[in-house]
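Below is a short report on one structure. It takes up a sheet first, then a contact between chains, then symmetry.

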There are 6 protein chains.
Amino acid sequence: MEEFSAFRLERVDKVAHVIINRPEKINAMNAEFWQEIRSLFHWADQERSVRAVVLSGAGPHFSSGIDLSLLGETAGQLGRDVGRNSELLRSKILELQSSFNAVDQCRKPVLAAIQGYCLGGAVDLIAACDMRYATAGAQFALKEIDLGMVADLGSLQRLPHLIGEGMLRELAYTGRSFSGEEAYSMGLLNRIYATAEQMMEDVFSLAHTIAAKSPLAIRGTKTMIGYMRDHRVDEGLDYIATWNAAMLQSTDLRIALAAQMSRQTPEFPD
Amino acid sequence: MEEFSAFRLERVDKVAHVIINRPEKINAMNAEFWQEIRSLFHWADQERSVRAVVLSGAGPHFSSGIDLSLLGETAGQLGRDVGRNSELLRSKILELQSSFNAVDQCRKPVLAAIQGYCLGGAVDLIAACDMRYATAGAQFALKEIDLGMVADLGSLQRLPHLIGEGMLRELAYTGRSFSGEEAYSMGLLNRIYATAEQMMEDVFSLAHTIAAKSPLAIRGTKTMIGYMRDHRVDEGLDYIATWNAAMLQSTDLRIALAAQMSRQTPEFPD
Amino acid sequence: MEEFSAFRLERVDKVAHVIINRPEKINAMNAEFWQEIRSLFHWADQERSVRAVVLSGAGPHFSSGIDLSLLGETAGQLGRDVGRNSELLRSKILELQSSFNAVDQCRKPVLAAIQGYCLGGAVDLIAACDMRYATAGAQFALKEIDLGMVADLGSLQRLPHLIGEGMLRELAYTGRSFSGEEAYSMGLLNRIYATAEQMMEDVFSLAHTIAAKSPLAIRGTKTMIGYMRDHRVDEGLDYIATWNAAMLQSTDLRIALAAQMSRQTPEFPD
Amino acid sequence: MEEFSAFRLERVDKVAHVIINRPEKINAMNAEFWQEIRSLFHWADQERSVRAVVLSGAGPHFSSGIDLSLLGETAGQLGRDVGRNSELLRSKILELQSSFNAVDQCRKPVLAAIQGYCLGGAVDLIAACDMRYATAGAQFALKEIDLGMVADLGSLQRLPHLIGEGMLRELAYTGRSFSGEEAYSMGLLNRIYATAEQMMEDVFSLAHTIAAKSPLAIRGTKTMIGYMRDHRVDEGLDYIATWNAAMLQSTDLRIALAAQMSRQTPEFPD
Amino acid sequence: MEEFSAFRLERVDKVAHVIINRPEKINAMNAEFWQEIRSLFHWADQERSVRAVVLSGAGPHFSSGIDLSLLGETAGQLGRDVGRNSELLRSKILELQSSFNAVDQCRKPVLAAIQGYCLGGAVDLIAACDMRYATAGAQFALKEIDLGMVADLGSLQRLPHLIGEGMLRELAYTGRSFSGEEAYSMGLLNRIYATAEQMMEDVFSLAHTIAAKSPLAIRGTKTMIGYMRDHRVDEGLDYIATWNAAMLQSTDLRIALAAQMSRQTPEFPD
Amino acid sequence: MEEFSAFRLERVDKVAHVIINRPEKINAMNAEFWQEIRSLFHWADQERSVRAVVLSGAGPHFSSGIDLSLLGETAGQLGRDVGRNSELLRSKILELQSSFNAVDQCRKPVLAAIQGYCLGGAVDLIAACDMRYATAGAQFALKEIDLGMVADLGSLQRLPHLIGEGMLRELAYTGRSFSGEEAYSMGLLNRIYATAEQMMEDVFSLAHTIAAKSPLAIRGTKTMIGYMRDHRVDEGLDYIATWNAAMLQSTDLRIALAAQMSRQTPEFPD
């Protein structure tokens, strides 16, 4: 792995810990952030020894969202033709989206651990993770409306699958802050914690549990749940039958079964 | 705007207040209701100075649903040929549905404020609004089952996006009453209040907050969230990128940014 | 009706009570189970005098899921060609799925009453029911991950419509147990009870309520809600308009209306 | 029916003949055209005595497409904010599209009879008709590319269902002319004729044949074929089964059957 | 295999020949027909030694479509309640459709060989086959319109994938006859022949060619082409990748490769 | 641009000529081919001065399809676990598919010019191009069936949009050869030529015509036609309205209009 400027990467056994590492800027997402997060999650997707990923922010905050200087930079590239500007902007947005798609499509589960601010683009980011854990006092907001724009990095697309549509509309129209507690009660978070320490401990414990499972089965389960966001029930049933036609011939089933019989912990190859 | 017989329309700055105004009939939805609601929301959609809509019922109740005399009237139009009757009924249903589609497709956010009865067709109506607020003691029911019919005005179509499918089935099969409190806990409501006064105050406060945002961004956000009810995540990402290709060139972004820098409240043109 | 070895069938007026009846095996799903459940629900679908179905498990537990001996049997049928094995496995999975599809597609509402263990395949089963009721102390788990495989009998396909996607991912990746209480708070259950007796009483009371409604309207409502899992809002509105074009000409509406006028309980033909 | 400035309307028994009537302008589509065509086809849809529609152009040409002065007019309404301009343009395009949607959604079959020029917007128009008949020497072109724009009034959306995708791409990218003969060989036309007289005679003969069929069955058939453009085969089968559940109880079947037995021509009520 | 009354079944090596066998009734589709065709194609689907199916009609005609006495029978089952009649009719239609779905979903290719009349329901039937071959003088018609009804057995659903939409509309609205020659030129047929003998010879030659290919690959190819009728290109690419993940490990590839190297004819197991 | 081993790249004004350049191997697609074609079309997509692409094969043949040594190589990477092999194969297939997706998604039109053999993978490749032109004597075949496998690189997915489904099935099941003439008559080709020289001349003439149009409009048109393969008509109309909201503000329209007025050839910036 190359060096990173906006991130720090740590390995804890089979769990990769990806840390947004610009605490002095409240982990704002600058140009390097968008490049590096794509590389990091492509790597996590491909590297067989990684079985689960924890994503967190260095310092007291998770992230304040997109770095405003980045918007300014893009504005600077615009010319006089509205049509060509549109083409440029459309391709820029698609490019930024692809950075969070890399998180969504990483075949290993991604657990977000959130404390402090989680604003604007940071909400788009955690919506692309598999699960979300936060401190009760964490502070969330869909801030894009206060920039005079429609959020375009995934929160409006992915949140309807996580929180009630009525609440999503209120949050998106008003841009108001909401706490970890409220986020939990609306289904955005899997669990809340009194302190960041308790959260990190529990999240890593979960990540290690997942890392000990059959990696084939975990990757297949993530693929399947992602598939269901966009398909009918009958399509999903047909797809998993086709998928498992091959996968049920894997040795992982035999390893799992043998371990259950002998009441031992199974060991699955990467 | 023309005169209304089933409604009253009030303007509070940039917020339109649409009031169902047949309190002596528990705001039952008669023939005029179905015509007028369409006109009202088409107007709210087109009138640039309207930025948000509050929908409420005059008197102690929100609405008891469709006026049974209306059903009788339609029954009277049926002839002897089952086929032609079917064609007539199908077009009548589509016409009634289009009245609530006008609420759903109005590009300005619609906040429903509900007290007392909210029964049958009234549940179809609030399901077409953006957000729902009610008194804890409000009383809801999907009454259509007790008329020996399948609900056909939107509740079965839109509620799966708001409340759990298991609960929807129970409510639709039994037609049982449920309170504002229960409605809130199942995700139908954004918030509940002890009294109707507190509710109206809070709902108008929210509506004014929304009315102060960039109207371009609000309209785009509503379009986008509606789009996601019916589309895949990747389709949604592509669509918003295409949308924002133009909209990010709007002056509203500059106004928003300038206001943030100077810590002043931005003023957006209609 | 033929005899059953894995089930017991009881009739209580217009409610059919389908009981998984292998308590000595914790109601594990053996070869007979998969055949018989299909017959039972085809029968319940066709038999006009059945208006609602209660599904429960004999003894202290609902069901421990698929009988492992069944997996062994299938493994024994595999040959040396990976391709033909895949074809065989795919068709086996589709066949097992069709057993639970029979529950899902039965036109009469199915209420699951759950106590004790509800593990693996049993979660797939209750996900195919209309509503779910359980004791607070019932114990649930998506166990497939611990067999080294992706769940392929419907839970990953149907649960996203019942519980939050974030929670589903945690449960599917870790295979951890969760109680009736937690299941209720995440929306999987409609209600929880202190004891199994209270549960059965309430579930049967609900089932009888449903059985007293217009059976035409109940069947249509179930069809419509199932339709919405897989279709756009506008498709659903068009479909119900086409459906009701015929159904609003049924005598059940007149029976319902007459009963309301006379404040008597309506009696609907099967 | 009101008066028309861009059209002339004639009735021939149960066939409505809609004629674009600006021959001095090669039947270019001006502001009135777009309003009137919507009214005309709404009327044809609702008027029960109309059973089929023939659409043609007065003079030697069918139509040269959108009137360029209309584009200029819209350009004149644009202001300085790109965002608000976009919103205005988007709603203008949707409005123009809705004029041709009225042709597509008119429940009575529409037969286009084409001679001379059929250019740009005229191709969008005939793509919204049910069938297309032309003289061998008629001249077609997707001209939008030569205005520096993407065609946005339906040809790119509807032609893939009529002609091969490879040929569509060539025609759309080059904007080149093609004759009635070539149009016929690529599947755009149902038939070609040596002279306009022969064409009109044959087209009216077809229209009268259609007008003599059961109007219920014709309207249902058109609805069904339109439905299939946008749905899966299994969805289509389910939809027609739901549709015919009512329609097979119509008296038109008995009339048709009786006529067949007695070898007489059936007479169907409107 | 049981005995058949409406069909005759012959085996020619690995090709099954299914013959509609009521020549004295122009092979009209009576009650037995609809039952038996389902059994026959379920059998052909399951019987491993069958690799391809030829479907033809005994005597001078392929089939005159549904037996009108069958319609009369259904009419006789209708009662007085329009609603319950609708439910009955809907389920009858779905049942008839499922007979032709059995042809469509049979995993072995089905080649229709057509001479003489091929009318009404017979067009629905051949639309469910893989390929269609006919004599130049065969006579086709979508006759349902002349029964005062919308065709509901598959032709309107499946023909848009075979012939141009414009031509389909003309044929469905007018019910007019068209010859084998015209059917070929509009893409309904793969080939036409001067005589029935030449046709049968060529069709069996094709069927034997297909029967000699890898049966795994043939079944997969049919599944894939059927899948594409109802899915996006990207969904199809993902599905075949998942399918082939297992199938490329089959021994059939090695057999095929070895045969190519040695320039011998490969022999694939069933 | 880097150096290529399987391709040669030539520039003719604004047209890029991509030539498969392994004539001694009948232009078989080896490992380098799959890498380089992706780079080449990503470059053509991004390089603003390229307005159209011609794709051809060096020597007497277009291409014999995938290099069999490549299949052998992949086979060599397989291990003992069927499950992990499946995962590996699935990702290999997706990777190969992505090479042809790069052709499909290149925003500049791609014209295939075909002579001699065009077999197996080569058919998948030309199906991903915009238009196809060939000599009458060119020879095509869907050869995958003779390798004992289902074609998985795009032909089964993309051909249903180009040729009749009945013919596709015959070609895919039998793997038989067909000439340029037959390919033309079934709609696979836009045009056929007596000699390769005439073909190249005409194809380049078309490519230059396209290159002279507004590049914004060409790119938008290609995007739109690709969009329609996978979307409903109403979705397509909405999408183009959103797209053109920005694009109609481009200067290309004014350039086009001015040129038309002055009857001069317009010059569009890249």
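## Sheet in chain D

The model is predicted. In chain D, 3 strands form an open sheet in the order S5-S7-S8. The pairing is mixed. Two strands sit at the edges: S5 (117–119) and S8 (178–179) of chain D. Each of these pairs on one side only.

Strand S7 of chain D covers residues 139–141. S5(D) and S7(D) run in the parallel sense, and 3 bridges join them. One bridge can be named by residue: Leu119(D) has Ala141(D) in S7(D) as its partner.

## Contact between chains B and D

How many residues does the contact take from chain B and from chain D? Chain B gives 13 residues, and chain D gives 13 residues. On the chain B side, at least two residues come from each of three helices: H3 (82–105), H10 (233–247) and H11 (251–262). H3(B) supplies the largest share, with 5 residues.

The side of chain B that touches chain D is mixed in class. It has 4 nonpolar, 5 polar and 4 charged residues.

## Symmetry of the two copies

A turn of 180 degrees lays chain B on chain D. The shift along the axis is 0.0 Å, and the RMSD is 0.0 Å. The two copies are therefore related as by a two-fold rotation axis.

Why do the copies meet through the same surface? Because 100% of the interface residues of chain B are also interface residues in chain D.

How values were computed. Residues numbered from 1 in each chain as written. Chains lettered and ligands numbered in written order. Predicted model: local features only at pLDDT ≥ 70, side-chain atom pairs only at ≥ 80, totals over all residues. Pairing = 2+ DSSP bridges. Helix = DSSP H or I, 4+ residues; strand = E, 2+ residues; numbered from the N terminus. Contact = placed C-beta atoms within 7 Å. Nonpolar A, V, L, I, M, F, W, Y, C, P; charged D, E, K, R; others polar. Least-squares fit on C-alpha atoms with pLDDT ≥ 70 in both.
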